[in-house]
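Let's take a walk through this chain together, beginning with one small piece and then stepping back to the whole. Have the viewer ready and turn the model as you read.

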Amino acid sequence: IRIVDQTTVWKRFIHLRTLVIEQTRADGRVEQLVREVHDHGAAATVLLVDPVRQSVVLVRQFRPGAFLGGHADGFLLETAAGLIDDDSPEEAASREAMEETGYAVRDVRHLFDMYSSPGTLTERVSCFAALIDATRRDGTGGGVEGEGEDIEIVELPIDEAYGLIATGGIVGARPSMLLQWLMLNRAAFGR
């Protein structure tokens, strides 16, 4: 693989580039591909788990990509998430949990990193799980108003949240993967 050329198409919140890539195929032929790539930085996400109540705390917010892609009203149930900025991934996950849900997290565990759509996005997402006491919020949550966030905080029993993947109530890659991880590793959180 060799980048022959790259052009910035747009640069504000995201950096959209057109790349011309030279690729040597498995059969030895060389071909050029033209691809657009969206870059807005690395991100972190965290699944908030209350082991006593056997519940998770998710967020519901409007996602324009899902709306344009045909998802009913465009509101998705997700895990708290955001860009890493100048923090470590763990610090970003803790910050986003507080900003979006109002919960101060404890026992933050790095689970894995993932690319949700590597064909067009450079975003690498560091995925975490953390313990909370869902009966005690430390802040108001709801997102950062200056960033246009208007976030609903949703607590669900673990089994109900997991079941929403099969019924289409949860359609995002991050919450689906994190809930699957939790179901496979439930003993790691006390039960």
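A good place to start is the hairpin formed by β2 and β3, which has five residues between its two strands. Within that turn, G28 has a positive phi of about 95°. Please keep in mind that you are looking at a predicted model.

How many bridges join strand β2 to strand β3? There are ten, linking residues 15–24 of β2 with residues 30–39 of β3, and the two strands run antiparallel. If you would like a pair to pick out on screen, find L19, which stands opposite R35 in β3.

Now zoom out to the rest of the fold. The chain has ten strands in its secondary structure, together with four helices. Their order along the sequence is β-β-β-β-β-α-β-β-α-β-β-β-α-α, so to speak the route map for your tour. Computed along nothing but its principal axes, the C-alpha trace spans about 60 × 40 × 35 Å.Next comes the way the chain packs. Of its 191 residues, 40% are buried. Take the contacts between residues at least 6 apart in sequence: 57% of them join residues at least 24 apart.

Finally, have a look at the outside and at the charges. The accessible surface of the chain amounts to about 10,400 Å², and carbon and sulfur atoms account for 51% of that. The chain carries 19 positive and 30 negative charges, and the mean positions of these two sets are 4 Å apart.

Terms used:
Residues are numbered from 1 along each chain as its sequence is written. This is a predicted model: local features need pLDDT of at least 70, side-chain atom pairs count only at pLDDT 80 or more; totals for chains, interfaces and linings use all residues. Side-chain values use heavy atoms; hydrogens and water are left out. Buried means under 20% relative accessible area, exposed over 50%, partly exposed in between (1.4 Å probe, protein chains only). Contact means heavy atoms within 4.5 Å. Accessible areas come from the Shrake-Rupley method with a 1.4 Å probe; for residues, only the protein chains shown count as cover. Lys and Arg count as positive and Asp and Glu as negative; His and the chain ends are not counted. The place of a charge is taken as NZ of Lys, CZ of Arg, CG of Asp or CD of Glu. Two strands pair if DSSP finds at least two bridges between them.
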